[in-house]
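Me: I am new to reading structures, and I would like a close look at one part of this one. Please pick a helix and take me slowly through what surrounds it.

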Amino acid sequence: YQYHCMRNQALVLLLVNAALVLVQGLVHPLHPGATHKRPLSGTALRGGGDFSRKGAEESTAAAMLTLTNVFSVHRFIAGPFGVCLLGFPTALNKAMAMGRHLPPEEKFCLQNWGCFCLAVGYIAHAAQDFELKAQREVAKGMILCFACATGLYASTIASGELSPLYVRGSAATGAIFAGLLAAYSGALWFDTPQKSVRKTL
């Protein structure tokens, strides 16, 4: 019992750490070239960087919430999660639903999901160096995925059809999807050719 409790605590710590990494990465960019590819707008060229207070606040928000930053953080969530699902599905199942046996069919589904998570992690890693237009298209696909996942988790948990053993783990996973949905949506709003951080001449 103690062993299972420790596993449960380890999963919670992993999820909390993932959330902290997401927040920290958005506030303190992990990628040093997060804004170096952003084109200068005509307004910035004419104004010489003299923005109003509103423009400065918007620029600050845009500097923190860029698609490059979100991709940089997302890879560290999708990659390790994919490794756990593919390589350690039984241990992950016990951590999320202590005391429940994992049927071979469900184990196969978890490992299959892990393969997709690894692919998403690589896409997020590679997308850091994409041009802004390509980054925005990838982000739209991520938003579609996480919007569907968030809605699915929320409706399934609310329906009461899940076993009580799975509710806590499903809620934690759904919360991560909701956080990624918010992060990508915010970055897509701020990180545009008109709203991205401008470098003064």
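Reply: Here is a walk along helix H7, its side chains and its neighbours. Before we start, please note that this is a predicted model, in which local features need pLDDT of at least 70, side-chain atom pairs count only at pLDDT 80 or more, and totals for chains, interfaces and linings use all residues. Residues are numbered from 1 along each chain as its sequence is written, and side-chain values use heavy atoms, with hydrogens and water left out.

Helix H7 covers residues 132–159. Helices here are DSSP runs of H or I with at least four residues, numbered from the N terminus. What length should we expect for H7? The expected span is 1.5 Å times one less than the number of residues, so the 28 residues of H7 should span 40 Å, and the end C-alpha atoms are indeed 40 Å apart. Just after H7, Gly160 has a positive phi of about 80 degrees.

Now look at which side chains of H7 are hidden. Buried means under 20% relative accessible area, exposed over 50%, and partly exposed in between (1.4 Å probe, protein chains only). The buried residues of H7 are Leu132, Gln135, Val138, Ala139, Met142, Ile143, Phe146, Ala149 and Thr150. Their cover includes helix H4 (67–87), helix H6 (104–127) and helix H8 (164–190).

H7 also holds a charged pair, Lys140 and Glu137, whose side chains meet in a salt bridge at 3.4 Å, N to O. The rule asks for a side-chain nitrogen of Lys or Arg within 4 Å of a carboxyl oxygen of Asp or Glu, and by this rule the count comes to one. Why do these two sit about one helical turn apart? Because Lys140 and Glu137 are three residues apart in helix H7. Lys140 is partly exposed at 41%, and Glu137 is partly exposed at 47%.

Next, follow Phe146 inwards. The largest nonpolar core has 23 residues, and Phe146 is among those that touch the most other members, together with Leu67, Val70, Phe71 and Tyr184. A nonpolar core is a set of buried Ala, Val, Leu, Ile, Met, Phe, Trp, Tyr and Cys residues joined through side-chain atoms within 4.5 Å. H4, H6, H7 and H8 each supply at least two residues of this core, and the largest share, eight residues, comes from H8. Tyr184 shows how H7 joins in: leaving aside neighbours within four places in sequence, the contacts of Tyr184 (heavy atoms within 4.5 Å) include Ala139, Met142, Ile143 and Phe146. Phe146 and Tyr184 also belong to one aromatic cluster, with Phe71, Phe81, Trp113, Tyr153 and Phe177.

Finally, the cysteines. A disulfide would need two cysteine sulfur atoms within 2.5 Å, and the structure holds zero of them. Cys117 is in no disulfide, and the nearest cysteine sulfur, that of Cys145, is 8.7 Å away. The sulfur of Cys148 is 7.3 Å from the closest cysteine sulfur, in Cys145, which is too far for a bond. Cys117 is buried at 10% relative accessibility.

Definitions and conventions: Phe/Tyr/Trp six-rings, centres within 6.5 Å; stacked < 30°, edge-to-face > 60°.
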